[in-house]
Structures are given as C-alpha cells and as structure tokens.
Amino acid sequence: MAARRLSPKTRSNTTGVPSKRSFSGILPNLPIQFSESLLANAKPQSLAEREVLFEAGDVADGCYRLEQGLLKVSIASPQGDERILTILGPGSIVGELAIIDGLPRSATVVAIRDCKLSYMGREAFVSCLREYPEIYSDLVSTLVSRLREADNAMAAASFLSVKARVARALLELAEHLGRETESGRIVILHKIRQSDIAAMAGVARENVSRTLTELKRRGLIGQSSSYYFINDKRKLLRETEDIA
C-alpha cells in the first residue's frame, strides 16, 4: 500500500455514483436539506490508486465525499511507523473535521483503488450554517457520536488481545475488499502485506505473523500467494471478542 503524492494539478474532474457508507462521518447524519445544499456546489475530483489525497499537517480548507473507490486513513509515528485508522468505502466523508475547526489535517489519506470524489469547501459549509442555524444542535450530536467511536477504538487498542485485533483488521478488509464465493468463503481481492495488517491492528508485524499462522492452522482463514481468504466469518467474528 505504498503511496504516491498527488499534485493538485493532476486531479481531474469526473463524476461518480455514491453507494453505501462505511464510516460514521459528520455530514450524512445532518438534515437532508443541509447536506443537499452543501453538495449542490461540490466539485468532482479523481484520485489514482496509491496517490495521496492529503497528508497529516496539510492546510485544510474543505472535505470530500467518496463516490467511488477505496481510501485508507492513517497516521505515522516520528519514527515512520504507520497506523491505519480505517478504510473508507463509497459514500464516506473524509476530512470533515476540517470544515468545522479549520485546523490542519490530523491524518493522511491515500487511495487504495482509483477514486472519484466530491470536494466541499469550508466557506460553503459556513455559508450553509448561516442559512440553517438550527443545524448547530445536530452538529453537536454527530460530534458526540464521533467521540464515542474514538472511545471504542481506544478501548479495542487497550484491552483486546492481539488475536482479536488481527481478526478485526481481517474482517474490515473483507468488508471493503472481499468477495464471497459460492462455497461461502470470502476472498480479499487485494494483495495485503503483513505490515498492512499490523498497521491496521496496531501490533508488531511479528505478532501478526504468529496470529495468522494460528488462524490458518485452525482453518478460520487461508492464503494463496498474497491474497487472504476467510473460511468461516462467524468464527472469526467471535475471535474479535477476545480480551487480553
């Protein structure tokens, strides 16, 4: 999942059709008339696979809705170690906090597959707030929802076992990149490295290697070349409840 920096001049205007959401954002939880008003002036953009939408620390002046493709959201330590926070699918909103506080980007977003997005500027958001002042109460509610999600993620990182965190990462990859076969097996249609799973689970790669070996031995997952597949989703889901 190595990334290439996207030059603003290379972003081309395209259109896309949104589908299901995969991550709780700010805008989709607000009244429809507000979202429609904001999206009415959205500018279409495109992003090639492995190109960077923005990096942590970049100046933020708006947010994006993902119409087509997949994005990964990550942060990095001073030593360069990557931690993948989430993977976003079509319909997701990315960078939405910036249209509220105007602060620099808090994470780096990279395309896993070719993407089509709609860009919404902060000025348009502020203008909509002036037009619909009653939105402020809804905004507080959705921000509280995001805070709860952050609490849940912190709890998972603090209390779940390595096996549970690796299982969660595999299931998230299967949700966005998987295809179910006639036999019920879910094949993850993307070459995944152990370092990618480690970055998602927040554990050392060596621990991921041992955990994957155990899950293979028990028949819950399998691997063909660099492609992983889940043999029993229900059993793997139970592994996500294992407390350290």
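Is Arg50 buried, partly exposed or exposed? I looked this up first in my notes on the predicted model. Arg50 comes out as partly exposed, because its relative accessible area is 35%, and the cut-offs put buried under 20% and exposed over 50%.

**Entry: around Arg50**

I then checked where Arg50 sits, and found it in the loop between strand E2 (43-47) and strand E3 (51-54). Its backbone caught my eye: phi of Arg50 is near 75 degrees, a positive value in a residue other than glycine.

Stepping back into strand E2, I stopped at Gln45. Gln45 counts as buried because its relative accessibility is 15%, and the cut-off for buried is under 20%. I also looked at how Gln45 lies relative to Tyr119: 74 residues separate the two in sequence, yet their C-alpha atoms are 7.0 Å apart in space.

**Entry: Gly121**

Next I went to strand E9 (residues 115-121), where I found Gly121. Leaving aside residues up to four places away in sequence, I see Gly121 touching Asp61 and Gly62. I also noted the distance from Gly121 to Leu38: their C-alpha atoms are separated by 8.9 Å, with the two positions 83 residues apart along the chain.

**Entry: H1 against H3**

Leu38 took me to helix H1 (residues 32-39), so I looked at its packing with helix H3 (residues 122-131), because two packed helices are described by the angle between their axes and the distance between the axes. Here the axes come within 10 Å and cross at roughly 140 degrees. I have the crossing of H1 and H3 down as right-handed. On the H1 side, the contact is made by Phe34, Ser37 and Leu38. On the H3 side, I listed Ala124, Phe125, Cys128, Leu129 and Glu131. Sorted by type, the residues of this contact are six nonpolar, one polar and one charged.

**Entry: H4 and H5**

Helix H4 (residues 135-159) came next. I count 25 residues in H4, with 36 Å from the first C-alpha to the last, close to the 36 Å expected at 1.5 Å a residue. Which residues of H4 are buried? They are Ile135, Leu139, Thr142, Arg146 and Ala156. I followed these buried residues outward and found them packing against H1, helix H2 (98-101), H3 and helix H5 (162-177).

H5 has 16 residues, and I get a reach of 22 Å from first C-alpha to last, close to the 22 Å expected at 1.5 Å a residue. I marked H5 as mostly covered, with 13 of its 16 residues buried.

**Entry: H7**

I spent some time on helix H7 (residues 205-217). H7 has 13 residues and spans 18 Å between its first and last C-alpha, close to the 18 Å expected at 1.5 Å a residue. Its buried residues are Val208, Thr211, Leu212 and Leu215. Looking down the axis of H7, I see these buried residues fall within an arc of 100 degrees, so they line one face of the helix. On the other side of H7, I noted Arg210, Thr213 and Arg217 as exposed.

What do the buried residues of H7 pack against? I found H5, helix H6 (194-201), strand E12 (221-224), strand E13 (227-230) and helix H8 (233-239). After H7 comes Gly219, and I noted its positive phi, near 80 degrees.

**Entry: the whole chain**

Last, I looked up the overall numbers. The secondary structure of the protein comes to eight helices and 13 strands. Of its 244 residues, 44% count as buried. I also checked contacts between residues at least 6 apart in sequence, and 76% of those join residues at least 24 apart.

Conventions
Residues are numbered from 1 along each chain as its sequence is written. This is a predicted model: local features need pLDDT of at least 70, side-chain atom pairs count only at pLDDT 80 or more; totals for chains, interfaces and linings use all residues. Side-chain values use heavy atoms; hydrogens and water are left out. Axes are lines fitted to C-alpha atoms, for helices over the stretch in contact, and angles run from 0 to 180 degrees between N-to-C directions. Helices (H or I, at least four residues) and strands (E, at least two) are DSSP runs, numbered from the N terminus. A crossing is left-handed if the near helix is turned anticlockwise from the far one by less than a right angle, and right-handed if clockwise. Contact means heavy atoms within 4.5 Å. Ala, Val, Leu, Ile, Met, Phe, Trp, Tyr, Cys and Pro count as nonpolar, Asp, Glu, Lys and Arg as charged, and the others, Gly among them, as polar. The expected span of a helix is 1.5 Å times one less than its number of residues. Buried means under 20% relative accessible area, exposed over 50%, partly exposed in between (1.4 Å probe, protein chains only). The arc is that of the directions from the helix axis to the C-beta atoms.
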